[in-house]
Amino acid sequence: MSEASQAGEGIGTAPAAVRSVPLSRGLSTKLLLLTIVFVLLAEVLIFLPWIASYRLSWLKERLSTAAAVSIVLVQGESTSLSRAAQNDVLMAIGAKAIAVRDGGVSRLLVVADMPPQVDEHIDLASIGMIKGMTGALDTLFFGGDRMLRVFGPVGDSDKEFELIMPDYSLRKAMLIYSRNVAFVSLLISLFTAMLVYAAIDLIMIGPIRTMTRSMLSFSEAPDDPGRIIHPAARADEIGVAERELSQMQERLQKMLSEQKHLADLGLAVSKINHDMRNILASAQLISDRLRQVRDPTVQAFAPKLLRALDRAVSYSEGVLHYGRTQEPPPSRRRVRLRQLVEDVHGLLDIEEGIEFINAVETAFEVDADSDQLFRVLTNLCRNSVQAMAADTESAVVRRLAVSAERMGSVSRIAVSDTGPGLPPKARENLFAAFRGSARSGGTGLGLAIAHELIRAHGGNVELVESIGGRTTFAVTIPDQPVRLDQARGSLRRPA
């Protein structure tokens, strides 16, 4: 099974419980319930001053009625009212007695049945908001069997009126009022929740649901371009999320396509790898016989041919590792870089008119895997030669130079050419396989392989500059750190 298909299966596989959300646990239901709860909570907070105001108004209304009766009685004689008439007056306002205070003198006007004690004294002129709310809650939850003394001025009168009454009627009226407020609050909560839900569903939940369905659909077949979401023309956060999701799906689809190409390439190379190794092995056997030929020219070229065939066999054996996206760890040794660069020069197909300069000092050494560094330099130099080979004008300078310098424990190798420079597309995808090629028909694998090999050394490959007439790549490789136990062992070893 190829890597791309495995990646597609990994994306498209998800538990059924994750891919379908029940209505009871969906965002819409949660939003609706939270809106109802929050509106009811707001109504509860508003209800406290409302019920306190209702209690105060109810008591003031009763005291005003008692004041009107008191003024009539003060103007006449209270004894002119019969006992039955007094009871009717008190029953009408639900009181036990009515009194008036004028000039510091209190006068009992009407009384039916004077209670033995008064449980609560309420001064309507000095009730504040906090006191009114606490008193209202106390009456609502614990009242019904208390006797109240309600007093205070009424209107512009300088007299103070008093009313002694039970709180049964007050609590009953407050309970009816609370029931009506609760019913209206519930209706308001439901209506508000529906409006908020409809608005947020249109603005937010609906687009999120669309993005969720798009992601689930895309995960089932990530190679289908028709499953990429089409973002709406919105300037808010949802619009940004839709556009980013669309771009991410496009990038992921392109990446999966490239991975499939890489997997197919690895499979194709794997099929020919066995036969290629057999052919190279036969070529090695034939090349070994060339050493027996005494011709000086043959003796000069035979070692180079043998080294080239050895490296070809090694590369052929390493193809499968690259197809599995694995490179063997570098086997690092002290390498004479100048000789390695000469070997690279001998393998390059340099046409006439291209000058190769090996500017590495003879004694320069680098701590690296010689075969892997050879591959890196070969890829970089071959790219330079191919870039300069495109220039057919005879007057143009075509020169490839390899130099090196040491900065502390870091070796820095520079590969410079006088070619036309890298195009912008190649610079943007410099070390990406199949995207970083500077020439038509190229794969871009050379720089990708070089970058991977040098990273395994703990170093880096970077493009220093690329302009018309000069392109320079720099390869930096740090020396291996010396382990403390090895250093101590070498010091203890006798000379």
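pLDDT is the predictor's confidence in each residue, on a scale from 0 to 100. This is a predicted model, so local features need pLDDT of at least 70 and side-chain atom pairs count only at pLDDT 80 or more, while totals for chains, interfaces and linings use all residues. Residues are numbered from 1 along each chain as its sequence is written, and side-chain values use heavy atoms, with hydrogens and water left out.

**View 1. The whole chain and its low-confidence start.** The protein has 13 helices and twelve strands; helices (H or I, at least four residues) and strands (E, at least two) are DSSP runs, numbered from the N terminus. Mean pLDDT is 77, and 74% of the residues reach 70 or more. Over residues 1-18, though, pLDDT stays under 50, and the model has 21 contacts there beyond four places in sequence. A contact here means heavy atoms within 4.5 Å. Among contacts with a separation of 6 or more, 68% link residues 24 or more positions apart. Of the 495 residues, 33% are buried. Buried means under 20% relative accessible area, exposed over 50%, and partly exposed in between (1.4 Å probe, protein chains only). The accessible surface is about 29,300 Å², with 59% of that on carbon and sulfur atoms; areas come from the Shrake-Rupley method with a 1.4 Å probe, and for residues only the protein chains shown count as cover.

**View 2. Two stretches annotated as transmembrane.** An unreviewed UniProt entry puts the label "transmembrane region" on residues 31-52 and 181-205. UniProt positions follow the numbering used here, feature names are shortened, and such annotations may be inferred rather than shown by experiment. What does the model show over residues 31-52? That stretch is 100% helix and 0% strand, with its end C-alpha atoms 32 Å apart. Residues 181-205 are also 100% helix and 0% strand, and their end C-alpha atoms are 32 Å apart.

**View 3. Helix H5 and its buried side.** H5 takes in residues 129-142, and its 14 residues should span 20 Å at 1.5 Å a residue, which agrees with the 20 Å between its end C-alpha atoms. The expected span is 1.5 Å times one less than the number of residues. Which residues of H5 are buried? They are Gly132, Met133, Gly135, Ala136, Thr139 and Leu140. These residues cover an arc of only 165° around the axis, so they sit on the same side of H5; the arc is that of the directions from the helix axis to the C-beta atoms. An α-helix has 3.6 residues a turn, so residues three or four places apart point the same way. On the face turned away from the buried side, look for the exposed residues Ile130, Lys131, Phe141 and Phe142. Just after H5, Gly144 takes a positive phi of about 115°.

**View 4. Arg55 in helix H3.** Arg55 belongs to H3, which covers residues 27-75. Is this arginine buried or exposed? Arg55 is buried, with a relative accessible area of 5%. Leaving out residues up to four places away in sequence, Arg55 touches Glu120, Ile122, Gly132, Gly135, Ala136, Thr139, Leu170 and Met174. Gly132, Gly135, Ala136 and Thr139 also appear among the buried residues of H5.

**View 5. Asp167 in a loop.** Asp167 is in the loop between strand E5 (160-166) and helix H6 (168-220). At 2% relative accessibility, Asp167 counts as buried. Beyond four places in sequence, its contacts are Thr139, Gly143, Gly144, Asp145, Arg146 and Leu148. One of them, Gly144, is the positive-phi residue just after H5. Arg149 is 18 residues from Asp167 along the chain, with 9.9 Å between the C-alpha atoms.

**View 6. Arg338 in helix H9.** H9 (residues 337-347) holds Arg338, which is partly exposed at a relative accessible area of 27%. Not counting residues up to four places away, Arg338 touches Asn358, Ala359, Val360, Glu361 and Thr362. The C-alpha atoms of Arg338 and Thr362 are 5.8 Å apart, across 24 residues of chain.

**View 7. Glu405 in strand E9.** Strand E9 covers residues 399-407 and includes Glu405. Glu405 is partly exposed, with a relative accessible area of 39%. Past four places in sequence, Glu405 touches Phe364, Val410, Ser411 and Arg412. Phe364 is 41 residues away along the chain, yet its C-alpha atom is 8.1 Å from that of Glu405.
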